[in-house]
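User: I am new to structural terms. Please show me a structure, and let me ask how its labels are earned.

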Amino acid sequence: MATTAEIRPGERKIVEIDGRSIGVFNVDGRFYALRNQCPHAGAQLCEGTLSGLVTSTAPGEYDYARSGEILRCPWHGWEFDIATGRSWFDPARTRVRAYEATVEPGDALSDEELGAAGYEPGPYTAQRYAVEVDREFVVVHV
């Protein structure tokens, strides 16, 4: 679906897989995938703001944790954990579908899988030089 170089740390890519819009996020080299639809009102959830959590153990003491792991819906501000899809306010009942995302070397994928992602196996010719491009791919398991 994408190479690891296409989704740099702190960035996301929204893709269509089997008719589903899915956002793929890179948080410090870890990849997460969520359905791009807020369960509240159907907004394109994965276009929302990534942030972290502010916690407090006592008045006037604040800690900021999990930077880049909380996704806020762009319409109404509902927050979801990108690792699990669970909402921050009601994790037992409100969630968005989370998919497993793994990093696979290009040579571990079939030609069909690479072709579906829009890539063709090398060698490639560029400026009259043949080069073999080794890539790692983010694979979303739906």
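User: Why is Arg72 called partly exposed?

Analyst: The model is predicted, so local features need pLDDT of at least 70, side-chain atom pairs count only at pLDDT 80 or more, and totals for chains, interfaces and linings use all residues. Residues are numbered from 1 along each chain as its sequence is written, and side-chain values use heavy atoms, with hydrogens and water left out. Now to Arg72. Buried means under 20% relative accessible area, exposed means over 50%, and partly exposed is in between (1.4 Å probe, protein chains only). Arg72 has 31%, so the label is partly exposed.

User: What makes the pair Arg72 and Glu79 a salt bridge?

Analyst: A salt bridge needs a side-chain nitrogen of Lys or Arg within 4 Å of a carboxyl oxygen of Asp or Glu. For Arg72 and Glu79, the N to O distance is 3.2 Å. That is within the limit, so the pair qualifies.

User: Why can such side chains pair?

Analyst: Opposite charges can pair when the charged atoms come close.

User: How many salt bridges does the structure hold?

Analyst: There are six. Among them is Asp90 with Arg93, at 3.2 Å from N to O. Arg93 has 72% relative accessibility, so this residue is exposed. Salt bridges with shared partners also link Arg30, Arg66, Glu69 and Asp81 into one network. Within it, Glu69 and Arg66 meet at 2.8 Å, N to O.

User: Is Glu69 buried or exposed?

Analyst: Glu69 is buried, because its relative accessibility is 15%. Its partner Arg66 stands at 30%, so Arg66 is partly exposed.

User: How do you know that the disulfide count is zero?

Analyst: A disulfide is a pair of cysteine sulfur atoms within 2.5 Å. The sulfur of Cys38 has its closest cysteine sulfur in Cys73, at 3.8 Å, so no bond is counted. For Cys46, the closest cysteine sulfur is also in Cys73, at 10.0 Å, which is too far. The count is zero.

User: Why are Cys38 and Cys46 called buried?

Analyst: Cys38 has a relative accessible area of 2%, so Cys38 is buried. Cys46 is at 0%, so Cys46 is buried too.

User: What makes the link between Asn26 and Ile7 a polar contact?

Analyst: A polar atom of the Asn26 side chain lies 2.7 Å from the backbone oxygen of Ile7. A polar contact is a pair of N or O atoms within 3.5 Å; within protein, one must be able to donate a hydrogen and the other to accept it, and residues adjacent in sequence count only if both atoms are side-chain atoms. The distance fits, so the name applies. Asn26 itself is buried, because its relative accessible area is 3%.
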